Amino acid sequence: MDLYDSLNPQQCEAVRHFEGPLLILAGAGSGKTRVLTHRIARLIEEKGVNPWNILAITFTNKAAGEMRERVEQMLGSVGSVWVSTFHSTCVRILRRYIDLIGYGTNFTIYDGDDQKTVIKEVCKHLQIDTKIFRERGFLNAISAAKDELVGPEEYAQKVEGDLRLQKTAQVYREYQARLKSSNALDFDDLICKTVELFQRVPEVLESYQERFRFILVDEYQDTNMAQFRLVSLLASKYRNLCVVGDDDQSIYKFRGANIGNILNFEEDFPDAKVIRLEQNYRSTQSILDTANEVIRHNEGRKSKTLWTANPDGEKVKFRQFMNGFEEAEYVAETIAGKMRGGEWKYGDCAVLYRTNAQSRLFEEKFLLANIPYKIVGGVNFYARKEIKDVLAYLKTIANAEDDLAVRRIINVPKRGIGAASIGHVQEYAIARGIGFFEALKNADKIPGVGRTGLKMRGFVDLIRTFRSKAEFFTVKELIEDVLNVTGYVKELEAEGTEEADERIANIDELLNKAASFDEEFGGEEESGEQSGRSLLDRFLEEVALVADIDDFVENPDHVVLMTLHSAKGLEFPVVFLVGMEDGLFPSYLSISSEDPMDLEEERRLCYVGITRAKRELTLTCARQRMVRGDVHYNRVSRFVEDIPDEMLVKQESAPEPRQAERPARAQNQTAYQQARDAFRAKVFVPQQFQVKKARTLDYGVDDRVRHVKFGDGIVKDIVEGGRDYEVTVEFDRVGQKKMFASFAKLEKI
DNA sequence: GGTTGGAAACTTTTT
DNA sequence: GTTTCCAACC
């Protein structure tokens with residue numbers, strides 16, 4: 001058996017380890033997935049462990065899918081090895097036993113939007129002024145409490161004395177009560193309700209302990225307290241727990257990840273074996289040196305130094321630009337240049353940034369340069385309005401208790417059921433302690449509803465019809481039927497706007513996903529865990545737990561744009577790490593935070609970014625950047641300053657590639673190039689004005705001037721400011737306006 | 001009950 | 001700069 005041939009000694013040791021706790025500290029690119037898959041293969045093949053007894057947990061579906069695939073490649077089918085994410089593992093357990101702690105097993109899962117809706121209603125109900133107490137704050141606090149396994153009651157006890165926290169406790173309690181009455185769980189609940197189940201019903205815990213005799217956890221540095229407890233409970237009987245992680249890549253503290261879980265593993269499991277994987281197989285020496293220099297500045301880490309047998313490669317490049325436009329343009333042109341060279345494909349390149357908002361500039365430039373690209377993240381596909389609408393129909397059909405879904409679609413498309421009537425029904429429902437849909441059935445008896453009751457009756461019948469069809473329809477057929485009967489797509493078609501077209505395209509995409517789901521699971525005999533659950537239920541569940549990154553496929557030939565967080569676990573030959581500016585990355589919040597750990601987390605994020613690169617890495621930044629409409633002047637990121645000069649190729653922002661290519665372009669001006677030049681002119685003119693400060697004005701007080709948007713008017717006042725003139729104009733049509741001369745481009749008439 | 005315009009919030013990262 | 005939300009009108 002050549003299981004060990006391709007492994008280095010440390011990897012071998014990790015694979016060979018059989019029973020007892022094992023901590024694998026795996027540096028970036030050190031082949032941890034390979035170790036995990038080999039370990040699973042060895043347990044089954046050499047140690048005769050029943051695949052049924054193995055549980056492998058990851059954070060994303062993508063990681064889970066990859067691992068399953070790789071194990072299958074080694075062993076053939078591994079149908080019964082349980083490889084899945086924390087969240088879907090918990091859902092599978094809860095679908096089976098959650099009735100033991102008072103929920104229905106057909107519970108729905110609320111996403112972030114749903115949570116926000118509930119919080120809003122709670123605030124209204126408790127008469128909390130959301131101008132003073134922000135909804136977001138409540139949600140964060142509740143999520144943090146759940147991460148720590150603190151329930152509403154315990155929370156209320158803990159916060160005595162502090163008014164703000166007491167409000168939070170009130171909101172928490174009401175929020176949780178509403179979720180329960182809707183038979184819904186939020187993401188955090190999935191974990192903590194599973195823990196609660198295990199603690200309250202020892203028999204269930206025991207059965208899973210028996211089943212999962214060997215547990216492997218990936219990305220262990222990102223586990224929070226609740227997840228840690230979950231794993232500990234499961235592993236406490238056989239203690240065959242193998243965790244893999246890298247404290248230097250812990251970047252989810254904001255989400256409750258507790259870096260202590262990995263740093264203290266040896267205390268929690270004193271007999272743990274610890275193995276370090278320090279050989280990197282991914283990057284060149286230059287890239288690795290850079291990464292080591294950056295992360296070296298962090299305190300409180302398990303010391304390790306990555307090394308590689310790979311060649312030095314090219315030095316890491318660093319460039320600073322005047323503004324974000326030039327930065328994006330440089331990246332676009334550099335990528336275009338690489339394509340002409342023939343050595344690289346689009347798919348080899350990735351642009352990584354700190355915040356999603358940065359993607360727009362790159363998107364614009366890539367469009368103009370005809371560079372195929374894909375943006376990962378931003379608005380999750382399943383969070384889009386049209387998708388949520390369709391899914392709300394499906395949820396209503398599947399789970400009558402999901403109030404949120406029912407209320408979402410009761411008037412979509414318009415049925416003449418307005419907010420007032422909905423309010424009456426809801427009051428009725430709350431007063432009687434029944435669900436919203438249940439109340440709807442009695443609509444004609446509810447005071448204040450009046451004739452709308454008839455329309456509500458119609459809606460109830462509609463849903464009933466769908467329900468009976470759902471018994472024998474595939475998911476795709478059901479969605480199509482909903483769209484046809486309700487006229488949802490027709491309404492969009494009638495709009496005829498670009499936006500409506502995009503929504504229709506998204507719905508088509510959803511139909512495709514439904515079709516492939518039907519194909520994959522439709523014919524399948526319902527097996528153990530899933531028995532008694534309809535295809536529709538399972539579809540909704542799958543859809544509730546996917547992240548945008550999960551749909552990311554490596555092969556297609558397009559440049560990928562994503563946040564540093566999304567990029568974790570991925571690798572690319574050519575990486576552009578953009579926006580390396582103090583205030584953006586590290587973020588302003590982390591710089592001004594009292595807790596130095598916040599800055600360390602940003603530095604780890606930077607480390608993650610650098611180590612995504614296999615062959616070439618370019619760091620860029622801009623001197624001035626538009627943030628929320630106004631200009632910020634940023635210094636070069638301190639992380640770049642951490643890197644010794646001699647390790648970087650620094651180039652000042654002289655735009656030589658552009659000049660070099662000009663002549664060629666002039667000869668062969670295509671339509672798109674003209675369009676691009678026009679766009680460039682449009683974009684850059686205001687920038688020039690800004691720099692030039694409009695020294696002289698060709699109009700004065702009392703002159704008549706013309707404005708592009710406001711029309712004609714009379715100049716009332718001109719005030720000289722620091723670097724511009726503030727002009728007050730009395731317009732004929734729109735009245736008095738104040739504006740800056742360099743932006744307003746007023747014309748004397 | 002629906003439409004529209006203006007104000008306000010947002011931008012750190014997400015299963 | 002963009003999106004979301006709410007109030008005032010139709």
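Guide: Welcome! A residue is called buried when its relative accessible area is under 20%. This model is predicted.

Visitor: What makes helix 25 largely enclosed by the rest of the structure?

Guide: Helix 25 runs over residues 535-544, and 8 of its 10 residues are buried, so the rest of the structure largely encloses it.

Visitor: Which residues of helix 25 are the buried ones, and what do they pack against?

Guide: The buried residues are L535, L536, D537, R538, F539, L540, E541 and V543. Their packing partners are helix 4 (86-97), helix 17 (385-398), helix 22 (475-486) and helix 24 (498-521).

Visitor: How many residues does chain A have, and what share of them counts as buried?

Guide: Chain A has 749 residues, and 52% of them count as buried. The chain contains 32 helices and 23 strands. Of its contacts between residues at least 6 apart in sequence, 73% join residues at least 24 apart.

Visitor: Let's try single residues. Why is N261 called buried or exposed?

Guide: Set its value against the cut-off: buried means under 20%. N261 has 6% relative accessibility, so N261 counts as buried. N261 lies in helix 12 (residues 260-263). Leaving out neighbours within four places in sequence, N261 is in contact with Y220, T223, N224, M225 and F228.

Visitor: How do you know that the side chains of N261 and T223 make a polar contact?

Guide: A polar contact needs a pair of N or O atoms within 3.5 Å, one able to donate a hydrogen and the other to accept it. For the side chains of N261 and T223 the distance is 3.1 Å, and the pair counts as a polar contact.

Visitor: And K748: why is it buried, partly exposed or exposed?

Guide: Partly exposed is the class in between under 20% and over 50%. The relative accessible area of K748 is 44%, so K748 is partly exposed. K748 sits in strand 23 (residues 747-748). Not counting residues up to four places away in sequence, K748 touches D698, Y699, D703, R704 and V705. One of these, Y699, is 49 residues apart from K748 along the chain, with 5.9 Å between their C-alpha atoms.

Visitor: What is special about the phi of N183?

Guide: N183 has a positive phi of about 50° although it is not a glycine. N183 is in the loop between helix 8 (163-181) and strand 5 (184-186). With a relative accessible area of 4%, N183 is buried.

Visitor: And what is the phi of N370?

Guide: N370 has a phi near 60°, again a positive value in a residue other than glycine. N370 belongs to the loop between helix 16 (359-368) and strand 13 (373-375). Exposed means over 50%, so N370, at 55% relative accessibility, counts as exposed.

Visitor: Which peptide bond is cis, with omega near 5°?

Guide: That is the bond from F585 to P586. P586 is found in the loop between strand 15 (572-577) and helix 27 (588-592).

Visitor: Now the sheet with the order 3-2-6-7-1-8: how many strands form it, and what is the pairing?

Guide: The open sheet is formed by 6 strands, and the pairing is parallel.

Visitor: What makes strand 3 and strand 8 stand at the edges?

Guide: Strand 3 (82-85) and strand 8 (273-277) each have a single partner strand, so one side of each is left without a neighbour in the sheet. From one strand to the next, the twist averages 15°.

Visitor: How do you know that strand 1 and strand 7 pair?

Guide: Strands pair if there are at least two bridges between them. Strand 1 (residues 22-26) and strand 7 (residues 241-245) have 4 bridges, in the parallel sense. In one of the bridges, L23 has V243 of strand 7 as its partner. Helix 1 (residues 9-16) packs on the sheet and touches strand 1 and strand 8, its direction making about 145° with that of strand 8.

Visitor: Last stop, DNA strand B. How many residues surround it, and which are the closest?

Guide: DNA strand B is surrounded by 26 residues, with F59, R255, R354, G418 and S421 the closest. By class, this surface has 9 nonpolar, 11 polar and 6 charged residues.

Visitor: How do you know that the side chain of H87 makes a polar contact with DNA strand B?

Guide: The cut-off for the N or O atoms is 3.5 Å. An N or O atom in the side chain of H87 is 3.0 Å from a base oxygen of DNA strand B, so the pair is within the cut-off. The side chain of N411 has an N or O atom 3.4 Å from a phosphate oxygen of the strand, and for S566 the distance to a phosphate oxygen is 3.4 Å. Helix 19 (419-432) and helix 26 (564-567) are the elements that give two or more residues to this surface.

How values were computed:
Residues numbered from 1 in each chain as written. Chains lettered and ligands numbered in written order. Predicted model: local features only at pLDDT ≥ 70, side-chain atom pairs only at ≥ 80, totals over all residues. Heavy atoms only, no water. Near = heavy atom within 4 Å. Nonpolar A, V, L, I, M, F, W, Y, C, P; charged D, E, K, R; others polar. Buried < 20%, exposed > 50% of the residue type's maximum accessible area, 1.4 Å probe, protein only. Contact = heavy atoms within 4.5 Å. Axes fitted to C-alpha atoms, helices over the stretch in contact; angles between N-to-C directions.
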